[in-house]
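Trainee: Could we go through this chain together, beginning with its overall layout?

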Amino acid sequence: MLVLSRQRDESIIVGDNVQITVVDIRGDKVRLGIQAPPHIPVHRKEVYDAIQRENRKAAGVTSEDLAAAAPAKPDERPHHA
């Protein structure tokens with residue numbers, strides 16, 4: 001995990017088109033502003049987790065099914081320079 005320190009009104013860039021800015025800091029709360037293209041979904045982690053649970057429930061996939069599934073193999077094609 002990359003850990004960065006930022007102050008109010010400072011930003012980080014993710015990829016070429018996502019900007020995350022520290023908007024406000026109050027006590028132990030940090031408010032972030034996120035600029036991202038419409039095709040990139042942005043969710044709080046707990047909302048994302050709930051969406052994933054609902055999607056698995058709708059698909060009839062259990063946590064045990066996911067744990068038993070073999071991880072996908074990385075692309076094994078040779079890379080040409």
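Mentor: The elements come before the pairing of strands and the surface.

Mentor: This is a predicted model, in which local features need pLDDT of at least 70, side-chain atom pairs count only at pLDDT 80 or more, and totals for chains, interfaces and linings use all residues. Residues are numbered from 1 along each chain as its sequence is written, and side-chain values use heavy atoms, with hydrogens and water left out.

Trainee: How many helices and strands are there in the chain?

Mentor: The chain has two helices and three strands, in the order β-β-β-α-α from the N terminus. Helices (H or I, at least four residues) and strands (E, at least two) are DSSP runs, numbered from the N terminus.

Trainee: In which sense do β1 and β2 pair?

Mentor: Strand β1 (residues 11-14) and strand β2 (residues 18-26) are antiparallel, with four bridges; strands count as paired if DSSP finds at least two bridges between them. Val14 has Val18 in β2 as its bridge partner. Three residues lie between the strands of this hairpin, where Gly15 has a positive phi near 65°.

Trainee: And which residue stands opposite Thr21?

Mentor: That is Gly33 in β3. Strand β3 (residues 29-35) pairs with β2 over seven bridges, again in the antiparallel sense. Their hairpin has two residues between the strands, and Gly27 in the turn shows a positive phi of about 60°.

Trainee: Changing topic, what percentage of the chain is buried?

Mentor: Buried residues are 6% of the 81 in the chain, where buried means under 20% relative accessible area (1.4 Å probe, protein chains only).

Terms used: Buried means under 20% relative accessible area, exposed over 50%, partly exposed in between (1.4 Å probe, protein chains only).
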